[in-house]
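Colleague: Got a minute to go through this model with me? I'd like to start with the cysteines and then poke around inside.

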Amino acid sequence: MNYMAITVLWAVLLFFAAVANGVQTTKQPYRTAYHFQPPKNWMNDPNGPLYYKGVYHLFYQYNPYSAIWGNMTWGHSISHDLVNWIHLEHALNPTDPYELGGCYSGSVTVLPGGRPVIFYTGADDQNFQSQNLAFPKDPSDPYLKEWVKSPNNPVIAATDGDIDPSNFRDPTTAWQASDGTWQVLIGGKIDGRGIAFRYHSNDFVKWTRSEKPFHSSTRTGMWECPDFYPVSIDSKDGVENYLKKEDTKFVLKASFLDHDHYVLGFYKTETNEFEVDITDFMEDNTDWRYDYGSKFYASKTFFDGEKKRRILWAWILEANGRENDKKKGWSGLQSLPREVWLSTSGKQLIQWPIQEIESLRKGKVAIHAQELESGSFVEVGGITAAQADVEVSFELTNLEDAEEMEPSWNDPQLICAQKNAAEEGKFGPFGLRVLASNNSTEETVVFFRVFKNHTRHIVLMCNDLSRSSLSKVVDKTSFGAFVDIDPLQEKISLRTLIDHSIVESFGGEGKACITARVYPILAIDKEAKMFVFNKGNLSIKMSKLNAWSMKEAKIVPFVKRRKSGHD
Ligand code: DQQ
């Protein structure tokens, strides 16, 4: 089937599915309109994202029976644009003895010749974890509807005495080293030390553990869902080839302590060793995370061969208590897919929502440049503020008057949560108040403060959730991150995407990301408002603000067309 035929078939499928099922409902106040969700029940990690024969695939950890974690199954949805989705039958169900406790997370590798293979963890009824393979029943099917487990499973078992079999999981996408052997990383823990084990193989079936772990850390605890991939040092384009040495750095990500942390480094293709570039996990105060907000966890990237970019997905947890999850009948979101690349400084990654999300924008509202005096706020009216996308930037002058940053204030989250960052300062807080009710009894505030120390200015970005909901059970921890920009040379920019119960913010053009789950009781749907504000006692300039209402994405079940008498 060529791509044109797939596109037409796709449009027909979406049409039939939408007519037969109606689009995803947003009647529940916390159900989202343009984030990926299954129709009901529990979802956690994204698994094996992939672009195959013109179709994007997202697999995910799913409990088909309840809104609480359990019965781990691989849910499967397909898309033509990473915005609108069709849910297919589950790709993997826990049917075999080595996975009766669940088909846990894993990745997809495309083998030479183009055949994809799922590499995943099976947990047996004693929670002994092993690594397993599954292949598409019909690789010519672009939807990859059916998967067949390998008769060789498990292909990697925790047989070595030092491996804890209940902490041995989540294989990465495999890659080929310079000698042609396959390499894969598996997350684990030995004596409290987080580890990425490396295994290698000639045939993808028989795997041998390498002598040394690929990387490990005493500061982290168990590593879940490791991810390892190349990034270009001089371009935003994604890199697929692990052997490309020139102009390439590598990212090693591990999920631990409720967050996704990464380090940058070099991969020596001859020896298969990874060398950390500047700072290691949790070393100094440079703690690089994809996202400094709510739990943005167990993420996974893939190379999108169609648009030559690397795309990142992550699981966003609920923060409203188990009982509420059961009541609403679902739990968990996927983040918006983000494009990820290396900053020009080479120090960190930059993330930005994929451009396709902008196809949902409608009814643009622009507020012209203006001075925001101390205490001022301007309503961003004329949009659906509970389902919106907004971009704003600020300019600051005369920064000599900036407040001094206490030398001991090195944890941005603690400054935002405990050092009165939301109270009136000199430069800031200024930013956006979103999901705000009348009189702002409820509001979620995304803001900046600018400080200085003896060498430079420091831009702090906070997400203050303390008044995000009148509910007592919601987790209202505030979040924070430093944004690595020089406010004398650059504008301070913020893009925030609001989708009922999720607020995803990108500061400094994607240098610092903070995602929050919020559960307002008053500021829902049409009652929600948005403001741009300055609560600092020095005035600042807002140089531009553009905001859009967002349309609902079509996220629908797959419907088989009934056969008519003619076909
Ligand atoms: N979730 C999966 C595991 C993984 C964890 C189980 C991370 O494979 O380690 O649902 O959220």
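Modeller: Sure, we'll take the cysteines, then one asparagine, then the cavities.
Modeller: Keep in mind that this is a predicted model: local features need pLDDT of at least 70, side-chain atom pairs count only at pLDDT 80 or more, and totals for chains, interfaces and linings use all residues. Residues are numbered from 1 along each chain as its sequence is written, and side-chain values use heavy atoms, with hydrogens and water left out.

Colleague: Fine. How many disulfides does the count come to?

Modeller: It comes to 1 disulfide, taking a disulfide as a pair of cysteine sulfur atoms within 2.5 Å. The partners are Cys 416 and Cys 462, with sulfur atoms 2.0 Å apart.

Colleague: Where do those two cysteines sit in the chain?

Modeller: Cys 416 is in helix 3 (residues 412–418) and Cys 462 in strand 32 (residues 457–464), so the pair links distant parts of the chain, 46 residues apart. Helices (H or I, at least four residues) and strands (E, at least two) are DSSP runs, numbered from the N terminus.

Colleague: Is Cys 416 buried or exposed?

Modeller: Buried, because its relative accessibility is 8%. Buried means under 20% relative accessible area, exposed over 50%, and partly exposed in between, using a 1.4 Å probe and protein chains only. Cys 462 is buried too, at 1%.

Colleague: And why is Cys 225 not bonded to Cys 103?

Modeller: Cys 103 has the closest cysteine sulfur, but it is 15 Å from that of Cys 225, so that's too far for a bond. Cys 225 is buried, at 2% relative accessibility. Cys 513 is in no disulfide either, with the nearest cysteine sulfur, in Cys 416, 15 Å away.

Colleague: New topic. What does the side chain of Asn 534 reach?

Modeller: It reaches the backbone nitrogen of Gly 536 at 2.9 Å. A polar atom of that Asn 534 side chain also lies 2.9 Å from the backbone oxygen of Leu 372. Asn 534 lies in strand 37 (residues 529–534) and is buried, with a relative accessible area of 1%.

Colleague: Last one: how many cavities of 30 Å³ or more are there?

Modeller: The structure holds 4, and the largest has a volume of about 60 Å³. On a 1 Å grid over the protein atoms alone, a cavity is a set of points where a 1.4 Å probe fits but cannot get out, and lining residues have an atom within 4 Å of a point. The volume is the space filled by probe spheres set on the points, which are joined across faces, edges and corners.

Colleague: Which residues line the largest cavity?

Modeller: Among them are Tyr 34, His 35, Trp 85, Trp 313 and Ser 335.

Notes:
Polar contact = N/O pair within 3.5 Å; in protein donor to acceptor, adjacent residues only side chain to side chain. 1 Å grid on protein atoms, 1.4 Å probe; cavity = no way out; pocket = protein on both sides within 12 Å on 5 of 7 lines; lining within 4 Å.
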